[in-house]
Amino acid sequence: MARLKIYGKTKLCGRVKISGAKNEALKAIPLTVILKNKVRICNAPNIIDVVNQAKILESLGAKISFADNVISVDPTLITRHDITSTCAGKLRASIVFAGPLLARFGEVSLPYPGGCLIGARPIDTHLNAFRQVGAKIKENKDVFSICLANPTNSNVILQEKSVTATENIVLYAAGVPVKTKIENCAIEPEITDLLHQLVKAGCRIKGIGERSVEIIGSKDLSIDEFTVMPDRIEAGTFAAAFISTGGQGEISPFPAESLTSFLDILEDCGAKIKIKDDTAIVSGGGKLKPFKISTAPYPDFPTDLQSPMSLIAACAEGESIIIENMFENRLFYLNELKKMGLKAEILDPHTAKINGGANLKPTTIESLDLRSGITLLIAAIMTEGTTIIENAQIIDRGYEKIEEKLKALGAKIERID
Ligand code: EPZ
């Protein structure tokens, strides 16, 4: 259990470099299962979830090395299609091994995925998609298995615009020499980039970036390098950090084109953010107006940037509303911020209101999931006095060198393991 001691109050100032996208790197690793040659995954963030996802791949027989943000993989040595690694229960993304392993071996078994406790997070959408391509599924309390010896041309309609379910069935479809049409896809930028990389590897794909894609897969896919895109959620989080601490900063690379709904809200609040090429120049300290956000699948407001917005609400003059449509347990971090004096009320599992202007007070709080964990960390930085954050190791799951980056911007943070 790691605890962080934060000595506030600091206005974060300076330049910060954004790491590779966690939620793309976590799918690039299972993608290697359907490649027939060695591959280097570049710009991979060195974070716990990526290390655990790589360990799962290694447990299947792949040869892996991970240094200087490059994961070198030799997938030709993979012999197993049953995931028994305990790492699978530590993160949600482990489920995305199902599709590529099914494509390569015709069968796969794996434990139910782990991940942040932010909702029920069932896997029905995934299993239902595999049934639609003709797979047989067996479930028991800890493990589920999927079999499909002879892939055929199929049509899949996803039950919901699920990010990992889309990626799972896409990686299955990419690895089998048939045509698969997938409708009601999620279209997050990480998925669009994954599809582009699959085309580079030898897939034929129609409808990239749209809700309906058509994939003709292949057993002969190969790609020498997969470069992970910048992490748009980390980039947005740092923008919220500069604004809410009243600081001044430059964030790069800043993928503004994949943050339009977030930037629109910042503009509505009166936040000062200027985009120049691939850099965002952010100035906090000005007057902020209250806002209303309602999270939804891309291109609408991203649920992973919902909690950092609570800090901007804390600085705004008036009442802001947060509607978290995607998860039913993703507002409870507000109870931790209320211990610091935030004037917030959780009206129901999906709705909260926050009144700005409170002077936050230092105390001991607990990080509940990785996105709210970074939010509590920034809240402590913007608070006069010493705040302790319990369960802080959860932040390391998703943010590379986070203490180093924040200290370089002036934050005073001490880790107490
Ligand atoms: C992925 O999770 C991400 N994880 C999550 O990031 C992210 O919050 C989520 O997508 C949504 O963007 C990874 O990529 C590893 P979902 P996933 O299936 O695929 C509901 C983080 O902090 N929903 O897209 O498991 C759905 O029922 C993590 O990096 C709708 O209601 O999420 C579920 O409760 C947390 N309607 C939730 O949203 C829809 O049309 C997320 O669903 C689609 C989804």
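This section describes the ligand site of a predicted model, followed by one exposed loop residue, alanine 120.

The ligand occupies the largest pocket. Its shell holds 19 residues. Coming nearest are Lys27, Ser162, Thr164, Asp304 and Arg371. By residue class, the shell divides into nine charged, six nonpolar and four polar members.

Two helices, H1 (22-31) and H5 (163-174), each supply at least two residues of this shell. Helix H1 gives the most, contributing three.

Oxygen atoms of the ligand meet polar side-chain atoms of the protein. For serine 162, one of the residues that come nearest, the separation between a polar side-chain atom and a ligand oxygen is 2.7 Å. For lysine 22, a polar side-chain atom lies 2.8 Å from an oxygen atom of the ligand. In arginine 92, a side-chain N or O atom is likewise placed 2.8 Å from a ligand oxygen. On its own, the ligand has 830 Å² of accessible area, and the protein covers 87% of that area.

Alanine 120 belongs to a loop. That loop runs between strand E6 (107-111) and helix H4 (124-132). The relative accessibility of alanine 120 is 62%. The cut-off for exposed is over 50%, so alanine 120 counts as exposed. Serine 72 is 48 residues from alanine 120 along the chain. The C-alpha atoms of these two residues are separated by 34 Å.

How values were computed
Residues are numbered from 1 along each chain as its sequence is written. This is a predicted model: local features need pLDDT of at least 70, side-chain atom pairs count only at pLDDT 80 or more; totals for chains, interfaces and linings use all residues. Side-chain values use heavy atoms; hydrogens and water are left out. A residue is near a molecule or strand if one of its heavy atoms lies within 4 Å of it. A polar contact is a pair of N or O atoms within 3.5 Å; within protein, one must be able to donate a hydrogen and the other to accept it, and residues adjacent in sequence count only if both atoms are side-chain atoms. Accessible areas come from the Shrake-Rupley method with a 1.4 Å probe; for residues, only the protein chains shown count as cover. On a 1 Å grid over the protein atoms alone, a cavity is a set of points where a 1.4 Å probe fits but cannot get out, and a pocket is an open set with protein on both sides within 12 Å along at least five of seven lines; lining residues have an atom within 4 Å of a point. A molecule sits in a cavity or pocket if more than half of its atoms lie within 2 Å of its grid points. Helices (H or I, at least four residues) and strands (E, at least two) are DSSP runs, numbered from the N terminus. Ala, Val, Leu, Ile, Met, Phe, Trp, Tyr, Cys and Pro count as nonpolar, Asp, Glu, Lys and Arg as charged, and the others, Gly among them, as polar. Buried means under 20% relative accessible area, exposed over 50%, partly exposed in between (1.4 Å probe, protein chains only).
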